[in-house]
Amino acid sequence: MVDYLISKYNYWIYIVLMMVGFYAMMGKRNLMKKLIGMNIFQTAIILFFISTGVKKGGTLPVFMEGATRAADYVNPLPHVLMLTAIVVCVSTTGVALAVLLLIYRRYKTLEENEILKSIR
Amino acid sequence: MKIFALLIVLLTGGLLIYGVEDMPGWGDPNSRPSLHVSPRYIEKTMEETDTPDMVTSVLADYRGYDTLGETTVIFTAGVACLLLLRRDP
Amino acid sequence: MIIQYENVIIKTICRMLIPFIQLFAIYVIMHGHYSPGGGFQGGVILGASFILLVIAYGLEESRRRMSLKALTIYASLGLFLYSGIGALCLLMGANYLDYAKLPLPISSIPTIRAMGILGIEIGVGIGVMAIMISIFLVIASYETGGENG
């Protein structure tokens with residue numbers, strides 16, 4: 001089992017990046033740092049998904065004259081799905097920044113424990 | 001609180017690494033994502049739509065309904081930002 | 001908050017570069033058929049050119065060139081173009097977003113599908129540009145009294 005894990009070392013990189021984002025979302029107290037952690041998490045997911053479409057000896061998914069078989073081109077389907085994911089990531093970050101501006105105007109701070117203390 | 005978060009992160013990372021065993025190797029042309037409908041998109045893109053770029057033809061023609069949903073998502077996000085940050089004069 | 005610097009180099013270079021950035025963005029949208037690109041990428045580059053104008057010249061100068069009311073009209077126009085083409089296909093008797101039955105005077109069916117793809121990419125590009133600029137303007141002008149100030 002261990003040599004399976006050693007030969008698939010690219011998945012270790014994605015898992016480390018995901019866990020960095022996950023720790024930033026849970027362990028930090030500032031709301032802006034949690035938002036950046038969510039962004040890192042989404043970037044790691046996008047990277048992992050696109051890497052499942054790579055083929056050995058494949059080229060860009062644009063049609064060229066000499067190559068007609070399906071094994072000559074990189075799989076275009078993860079690229080398409082991740083375009084949607086990038087747009088969703090940008091939208092979520094935009095709305096979250098607007099909500100953070102409203103929270104700062106109301107509570108004058110962006111630390112989570114001070115906000116919870118002034119709510120109760 | 002931070003120790004608790006670190007423990008949860010390490011546990012989740014360990015579970016994910018345990019699940020790497022079933023994942024396909026790097027660059028395998030017979031892995032599951034490249035098998036069922038993706039060769040049809042690659043081979044028929046020039047004769048059904050006159051478009052050499054496969055990403056655009058899949059995004060706008062074969063999966064055009066998903067792109068409509070995505071455009072609605074970004075439109076809704078823009079409207080939400082405009083509604084949230086309006087100040088009464 | 002946008003701080004206004006009196007900097008001749010940045011203002012001159014931005015004034016010379018912004019038309020070329022917009023031309024490149026229109027190129028990316030139009031060549032989505034033959035090279036990597038398409039509606040979303042070109043729309044973001046077009047929005048980035050206006051944000052460069054705001055950074056170099058301040059908020060008041062660019063408020064005169066592109067107001068928020070015009071931006072909401074552009075965003076609605078982009079989404080209306082997309083679903084309008086889909087509804088036009090529905091009126092001609094085919095499925096929704098089935099480009100084979102658009103009423104264009106072209107004989108071969110793959111070319112009509114390519115024209116349908118071009119139409120919706122233009123709609124997506126205009127919509128994404130308007131939303132990117134409007135999110136940036138609303139967040140940047142929040143401190144100085146909102147969009148009515």
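This passage describes helix packing and one chain interface in a predicted model.

Helix α2 of chain A, residues 10-27, packs against a helix of another chain as well as one of its own. Its partner in chain B is α1(B), residues 2-18, and the two axes approach within 10 Å and cross at roughly 155 degrees. Angles over 145 degrees count as roughly antiparallel, and α2(A) is therefore roughly antiparallel to α1(B). The crossing of this pair is right-handed. On the side of α2(A), the contact is formed by A:I15, A:M19, A:F22, A:Y23, A:M26 and A:G27. The residues contributed by α1(B) are B:K2, B:A5, B:L6, B:I8, B:V9, B:T12, B:G13, B:L16 and B:I17. Sorted by class, this contact comprises eleven nonpolar, three polar and one charged residues.

Within chain A, α2(A) also packs against α3(A), residues 31-50, with axes that come within 7 Å and cross at roughly 160 degrees. This angle makes α2(A) roughly antiparallel to α3(A). Here the crossing is left-handed. From α2(A), the contact draws on A:Y14, A:L17, A:M18, A:V20, A:G21, A:F22, A:A24 and A:M25. From α3(A), the participants include A:K33, A:K34, A:I36, A:G37 and A:M38, and further along A:I40, A:F41, A:A44, A:L47 and A:F48. The contact is made up of 14 nonpolar, two polar and two charged residues. A:F22 takes part in the contact with α3(A) and is also listed in the contact with α1(B).

Chain C meets chain B through 31 residues of chain C and 26 residues of chain B. On the chain C side, the elements giving two or more residues are α4 (68-91) and α5 (109-140). The largest contribution to this side comes from α5(C), with 15 residues. The chain C side consists of 18 nonpolar, eleven polar and two charged residues.

Helix α2 of chain C spans residues 39-57, a run of 19 residues. From its first C-alpha to its last it reaches 28 Å, close to the expected 27 Å. Buried positions in α2(C) are C:G39, C:F40, C:G42, C:G43, C:I45, C:L46, C:G47, C:S49, C:F50, C:V54 and C:A56. These buried residues pack against α1 (8-30), α3 (59-65) and α5 of chain C, and also against α4 (77-107) of chain A. After α2(C) comes C:G58, which has a positive phi, near 95 degrees.

Definitions and conventions:
Residues numbered from 1 in each chain as written. Chains lettered and ligands numbered in written order. Predicted model: local features only at pLDDT ≥ 70, side-chain atom pairs only at ≥ 80, totals over all residues. Contact = placed C-beta atoms within 7 Å. Helix = DSSP H or I, 4+ residues; strand = E, 2+ residues; numbered from the N terminus. Nonpolar A, V, L, I, M, F, W, Y, C, P; charged D, E, K, R; others polar. Axes fitted to C-alpha atoms, helices over the stretch in contact; angles between N-to-C directions. Parallel < 35°, antiparallel > 145°, perpendicular 65-115°, else oblique. Left-handed = near helix turned anticlockwise from the far one by under 90°. Expected span 1.5 Å × (residues − 1). Buried ≥ 20, exposed ≤ 12 C-beta atoms within 10 Å, placed from the backbone.
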